[in-house]
Amino acid sequence: MTIPIERSVAVLRARDLLIELATKSNVDSRKALRERARSLLRHYPEPLHLRISSAWLPEIWADPGSKWQD
């Protein structure tokens, strides 16, 4: 079970990873990159979490709605 701090940290670390991928020409090996991504996804917010957050903080989050569901 993911607790709120783990979810928040996952979002921030995912942002860091995306910045690194966008700005560095030399990134980690594919295996290391997959491991980092897997670690981040373990606690990454689900669409339900975004819907709940958007209900309470609509100025920060938007409800992704059903079009984003798999």
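**Salt bridges, burial and overall form of the predicted model**

Lys24 is partly exposed, with a relative accessible area of 46%; in this classification, buried means under 20% relative accessible area, exposed means over 50%, and partly exposed lies in between, with a 1.4 Å probe and protein chains only. The structure is a predicted model, in which local features need pLDDT of at least 70, side-chain atom pairs count only at pLDDT 80 or more, and totals for chains, interfaces and linings use all residues. Residues are numbered from 1 along each chain as its sequence is written, and side-chain values use heavy atoms, with hydrogens and water left out.

The side chain of Lys24 meets that of Glu20 in a salt bridge, with an N to O distance of 3.8 Å. A salt bridge is here a side-chain nitrogen of Lys or Arg within 4 Å of a carboxyl oxygen of Asp or Glu, and the count by this rule comes to 2. Glu20 also forms a salt bridge with Arg36, where the closest N and O atoms are 3.2 Å apart. Because Arg36 belongs to helix α2 (residues 30–43) and Glu20 to helix α1, this pair ties together parts that are 16 residues apart in sequence. Helices are DSSP runs of H or I with at least four residues, strands are runs of E with at least two, and both are numbered from the N terminus. Glu20, Lys24 and Arg36 are thus linked in a network of salt bridges.

The accessibilities of the network members were also computed. Glu20 has a relative accessibility of 18% and therefore counts as buried. Arg36, with a relative accessible area of 29%, is partly exposed. Apart from residues up to four places away in sequence, Glu20 touches Val27, Asp28 and Arg36, where a contact means heavy atoms within 4.5 Å.

Arg36 is also a neighbour of Leu17, a residue placed in helix α1 (residues 4–23). Leu17 has a relative accessibility of 8%, so this residue counts as buried. With residues up to four places away in sequence not counted, Leu17 touches Leu33, Arg36 and Leu40. Leu17 and Arg36 are 19 residues apart along the chain, and their C-alpha atoms are separated by 8.4 Å. Arg36 accordingly appears both among the contacts of Leu17 and in a salt bridge with Glu20.

The secondary structure of the whole protein comes to 3 helices and 0 strands, and the pattern read along the sequence is α-α-α. The radius of gyration is 14 Å, well over the 11 Å that the globule rule gives for 70 residues, so the protein is more spread out than a compact globule. This radius is taken over C-alpha atoms, and the globule rule is 2.2 Å times the number of residues to the power 0.38. Along its principal axes, the C-alpha trace spans about 40 × 25 × 25 Å. Of the 70 residues, 14% count as buried. Among contacts between residues at least 6 apart in sequence, 41% join residues at least 24 apart.

The protein exposes about 6100 Å², of which carbon and sulfur atoms supply 58%; accessible areas come from the Shrake-Rupley method with a 1.4 Å probe, and for residues only the protein chains shown count as cover. The protein has 12 positive and 9 negative side chains, and the centres of the two sets lie 5 Å apart. In this count Lys and Arg are positive, Asp and Glu are negative, and His and the chain ends are not counted, while each charge is placed at NZ of Lys, CZ of Arg, CG of Asp or CD of Glu.

Further residue pairs relate separation in sequence to separation in space. Pro47 lies in helix α3 (residues 47–56) and is partly exposed, with a relative accessible area of 32%. Pro47 and Pro64 are 17 residues apart in sequence and 6.9 Å apart in space, C-alpha to C-alpha. Leu41, in helix α2, is exposed, with a relative accessible area of 60%. The C-alpha atoms of Leu41 and Asp63, which are 22 residues apart in sequence, are 20 Å apart in space. Arg30 lies in helix α2 as well and counts as exposed at 70% relative accessibility. From Arg30 to Ile60, 30 residues apart along the chain, the C-alpha separation is 33 Å.
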